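Take the metal sites and the helix packing of this model in turn. Keep the structure open while reading.

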Amino acid sequence: MTTVCATVAGLGPERLLSLCQVLGGLTLCLLANASSGSDHRADLSQAPSEPVIQLRACRSGGAGVNTLPDQTPPAAAAVSPPPYLILRRLTNITVLFDEPVVGVEATDLLINGQPAQQVSGSGAGPYVFSLPALSTGLVQVVWAPWHGITDTADPPNLFGGGTWAYELNPGIATEFAVRYVIHLSIDGFGSWYLGDYVSNWPSFFPNLRRLFDEGACTLNARCDYTHSFSIPNHCSQLTSRPVNQPDGWVNTTHHGVTFTGDNGRTIHDSGNTLVPYKASVFDVVHDHGLSTAFLYTKDSLTFLVRSWSAEGTRSNKIDQVFRLSTLQLVDELVNAISSNRLWRYTFMHWNDLDETGHRYGWGSTTYSNIACQLVDAQLGRIFNALAANPEVGNWTVLIVLADHGGARWDHSDPTDPRIYTVPFCLWGAGIPAGVDAYSLFANRADPGTNRIPYSSTSVPLPLYGTDVGNLATTLLGLPPIPGSTLIPVFKGQPEFDLDGDGMPEAWEVARGLDPADPTDAGLDTDLDGLSNLQEYLAGTEPRDARSVLRLTALRAGGQFSFSAAPHRSYSVLWREGVGVGRWAKLADVEAAAQARQVTIVDPLPLTEGRLYQVVTPQLAGPAPALPAILRSPRACTVDCGGQASFEVLAVGNG
Ligand SMILES: [Ca+2]
Ligand SMILES: [Ca+2]
Ligand SMILES: [Ca+2]
Ligand SMILES: [Ca+2]
Ligand SMILES: [Zn+2]
């Protein structure tokens with residue numbers, strides 16, 4: 001890295017500032033070193049753009065310019081897959097440096113003590129290392145101590161190296177997973193207020209600010225569509241079911257709990273009694289042999305504890321329960337983290353902001369200066385505990401959201417934006433820093449100021465608090481909650497795609513495409529009718545014409561099939577004809593571990609010119625109750641990836 005300095009002889013700091021302001025060298029001024037003495041140097045290495053041009057503006061005002069030798073070693077700017085994930089497979093590691101380097105060799109990267117087999121790349125990268133075959137379990141990655149990677153300075157600076165780890169586990173239902181999920185629901189934590197605090201008062205809320213800077217956040221998520229009370233929304237968070245039945249959805253998709261207190265019973269015999277047992281994130285995690293905990297601050301949530309713990313009579317899916325104050329709960333969490341006893345899934349509820357809102361008003365001085373300060377400080381204790389024990393902390397994702405916001409002294413109106421607009425943040429293993437949370441999901445989009453019903457088909461759904469249950473199961477590499485219909489498709493960190501053609505580097509390299517040429521995305525290398533980009537999105541092979549996503553009619557009787565790729569979910573859509581009716585869902589096909597042939601039958605009376613379409617990944621919303629699928633694979637989970645539709649084929653009786 002080159003450090004460019006302007007030396008301004010004989011000028012004091014005030015004079016230097018005014019000089020640069022006059023001459024437009026704004027960046028120089030902001031970074032000017034105001035130490036005493038007659039010579040002042042401004043370090044321009046951090047300048048956002050075109051420091052040399054700004055420098056010239058200053059120089060024309062009398063400043064002298066020199067260039068210091070580059071003494072900054074190169075560093076790894078990004079690694080893919082991101083460190084400390086559980087991976088279903090690991091064949092390549094891609095590394096991008098923060099400046100051009102030389103001397104990168106395959107043997108420079110050791111994987112469980114074995115050197116990488118090959119490396120490709122140049123300049124700053126990306127360098128793609130092909131790995132030797134790995135066995136299941138911990139994968140330790142180390143830059144070899146003898147590596148000779150340097151930058152191109154004279155004299156060269158040696159790359160500092162480093163180490164990180166993965167866990168290889170072919171048994172997970174997703175491409176990647178994390179070991180621990182902490183799901184923190186902060187009662188009454190409205191974006192309306194939080195947005196102001198983190199934007200305008202970051203020094204008063206350093207840990208909330210840190211959550212936004214180091215995590216993937218949005219201030220524009222939504223509480224449930226019809227209800228903005230705590231118990232209905234926490235039922236939704238934990239079951240990923242809407243409170244009420246959305247228009248056009250079947251009557252077994254919602255949990256139906258609309259009351260606000262604890263009725264002394266359970267979710268199973270309350271609300272929507274057409275669903276006699278309402279599974280939760282606790283069921284999925286516990287049934288896969290992983291530990292769970294429920295840490296809460298408000299007595300009415302005992303309703304939820306009773307619903308899924310041994311305290312009730314229906315279920316025993318929660319391993320540990322604490323009903324304490326926020327401070328005491330964080331004590332318990334910090335203990336669990338520091339002693340390597342953290343539960344794989346922890347639900348935690350903090351009530352302080354809601355209580356303060358009801359008593360002193362949402363956005364009041366007490367709300368911001370007392371309650372939100374407390375939230376910030378306790379969040380800081382969690383960050384510190386995770387940093388102090390990397391064995392747990394490196395492998396953890398923290399999700400922070402709210403059940404609802406508030407306005408004045410209450411939160412009863414679910415159509416008030418101050419109430420329905422809530423934050424949704426992810427922070428930790430594999431979560432990119434400082435990005436919009438929406439960029440991590442294939443089937444969720446920022447709704448602007450709109451309030452969008454769950455059954456919307458015209459616009460993508462926003463992130464709802466209701467999504468968090470299935471987000472937690474996805475992050476843990478587990479299938480969705482049985483009976484749930486809201487399944488956010490988590491893409492995670494976008495893989496390197498420096499030519500911007502939509503196909504990640506490692507995928508292109510492994511298939512002989514050019515990671516520096518975006519035009520190969522539109523080519524159909526194997527002439528099977530799908531472009532290379534479509535093949536990437538469909539999970540098929542771009543150099544194998546037999547590997548293709550296409551509906552094929554079996555006979556002229558409304559029966560057709562397609563080959564489903566491993567770990568892909570699909571929806572099959574139909575439409576009465578070109579320009580007739582609208583696309584509607586005929587069937588969903590869940591993801592499965594194996595490639596297989598899926599056969600679909602259209603149970604409706606056949607007509608001339610009906611159209612069918614297969615889409616991956618699966619579209620939101622329930623499929624109709626009609627028995628549309630003849631042979632479908634075992635239910636599994638949706639996979640990552642973009643959404644694309646392919647190949648329309650007419651089938652009729654004519
Ligand atoms: Ca690419
Ligand atoms: Ca390319
Ligand atoms: Ca092709
Ligand atoms: Ca192909
Ligand atoms: Zn409340």
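The paragraphs below go from a zinc site to a calcium site, then to a helix pair and a strand residue. The model is predicted.

Start at the zinc ion (ligand 5). Its donors are Asp354, through two OD entries, and the NE2 atoms of His358 and His411. The coordination distances run from 2.1 to 2.4 Å. What arrangement do the 4 donor atoms around the zinc ion (ligand 5) make? It is irregular, because the angles they subtend range from 56 to 148 degrees. A tetrahedral label would need all angles to lie between 85 and 135 degrees. For reference, the ideal angle for four tetrahedral donors is 109.5 degrees.

Along the chain, the zinc donors follow the pattern D-x3-H-x52-H. Distant parts of the chain are thus linked by the pair Asp354 and His411, which are 57 residues apart. Asp354 belongs to helix α10 (residues 352–360). His411 sits in the loop between β21 (396–401) and α13 (417–420). Both residues, Asp354 and His411, are buried.

Now move to the calcium ion (ligand 4). Side-chain labels mark Asp526 (OD), Asp528 (OD) and Glu535 (OE), the last of these listed twice. Glu541, Asp544 and Ser547 each coordinate through O. The distances here are 2.3 to 2.6 Å. In sequence, the spacing of the donors reads D-x1-D-x6-E-x5-E-x2-D-x2-S.

Asp526 has a second partner. It bridges the calcium ion (ligand 4) and the calcium ion (ligand 3), and these two ions lie 4.2 Å apart. Is Asp526 buried or exposed? Its relative accessible area is 12%, so Asp526 is buried. Glu535 has 0% relative accessibility and therefore also counts as buried.

Next comes a helix pair. Helix α9 (residues 326–338) packs against helix α11 (residues 365–388), with the axes 9 Å apart. The angle between them is about 10 degrees, so α9 and α11 are roughly parallel to each other. On the α9 side, the contact residues are Thr326, Leu327, Val330, Asp331, Leu333, Val334 and Ile337. They meet Leu374, Gln378, Arg381, Ile382, Ala385 and Leu386 in α11. By class, this contact has 9 nonpolar, 2 polar and 2 charged residues.

Finish at Val321, in strand β19 (residues 320–323). Its relative accessibility is 34%, so Val321 counts as partly exposed. Beyond its neighbours within four places in sequence, Val321 is in contact with Phe294, Tyr296 and Val305. The C-alpha atoms of Val321 and Leu295 are separated by 5.8 Å, although the two residues are 26 residues apart along the chain.

Key: Residues numbered from 1 in each chain as written. Chains lettered and ligands numbered in written order. Predicted model: local features only at pLDDT ≥ 70, side-chain atom pairs only at ≥ 80, totals over all residues. Heavy atoms only, no water. Donors = N, O, S within 2.8 Å, 3.2 Å for Na, K, Ca; no water. Tetrahedral: all angles 85-135°; square planar, octahedral: opposite > 155°, others 65-115°. Helix = DSSP H or I, 4+ residues; strand = E, 2+ residues; numbered from the N terminus. Buried < 20%, exposed > 50% of the residue type's maximum accessible area, 1.4 Å probe, protein only. Axes fitted to C-alpha atoms, helices over the stretch in contact; angles between N-to-C directions. Parallel < 35°, antiparallel > 145°, perpendicular 65-115°, else oblique. Contact = heavy atoms within 4.5 Å. Nonpolar A, V, L, I, M, F, W, Y, C, P; charged D, E, K, R; others polar.
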